[in-house]
Amino acid sequence: MAFFMKTMISNQVKNLGFGGGSEEKKEEGGTSDPAAAQGMTREEYEEYQKQMIEEKMERDAAFTQKKAERACLRVHLREKYRLPKCPGMCIARKCFGG
């Protein structure tokens with residue numbers, strides 16, 4: 001979250017024109033190298049991208065695991081307390097006499 005805020009603030013400051021001639025660099029350079037835009041070498045940028053992909057995969061795996069655990073817990077609680085799968089439908093049936 002802090003990285004996101006830092007990026008947003010730095011982009012806003014650059015847009016104000018306090019960047020010290022960044023517009024001139026864009027005109028002269030002409031290359032759109034993402035590594036140069038991040039202030040890294042090509043190897044560092046590739047390593048950074050690999051690390052970001054690995055971290056995303058780990059977060060996705062942890063999220064999937066927690067999601068499965070929650071689903072399992074819901075099933076057990078429904079069985080234990082004999083609850084309907086969709087409580088909203090049960091309430092609607094009682095209200096409308098279904």
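These are legends for a few views of a predicted model.

**View 1. The whole protein chain, an all-in-a-row run of helices.** Here you're looking at 5 helices and 0 strands. Follow the sequence along and the pattern reads α-α-α-α-α.

**View 2. The surface of the protein chain.** There are 98 residues here, and just 2% of them count as buried. The accessible surface adds up to about 9300 Å², with 59% of that belonging to carbon and sulfur atoms.

**View 3. Arg42 meets Asp33.** The model has 2 salt bridges by the count used here, and this close-up shows the one between the side chains of Arg42 and Asp33. The N to O distance is 3.4 Å. How buried or exposed are the partners? Arg42 is partly exposed, at a relative accessible area of 43%. Asp33 is partly exposed too, with 27% relative accessibility.

**View 4. Lys56 and Asp60 on helix α4.** Zoom in on helix α4, which covers residues 42-81, and you'll find both Lys56 and Asp60 in it. They sit 4 residues apart, or about one turn of the helix. Their salt bridge has its closest N and O atoms 3.0 Å apart. As for exposure, Lys56 comes out as partly exposed with a relative accessible area of 44%, and Asp60 also counts as partly exposed, at 40% relative accessibility. Side chains of opposite charge can pair when their charged atoms come close.

Technical notes. Residues numbered from 1 in each chain as written. Predicted model: local features only at pLDDT ≥ 70, side-chain atom pairs only at ≥ 80, totals over all residues. Heavy atoms only, no water. Helix = DSSP H or I, 4+ residues; strand = E, 2+ residues; numbered from the N terminus. Buried < 20%, exposed > 50% of the residue type's maximum accessible area, 1.4 Å probe, protein only. Areas by Shrake-Rupley, 256 points an atom, 1.4 Å probe, with all protein chains shown as cover. Salt bridge = Lys/Arg side-chain N within 4 Å of Asp/Glu carboxyl O.
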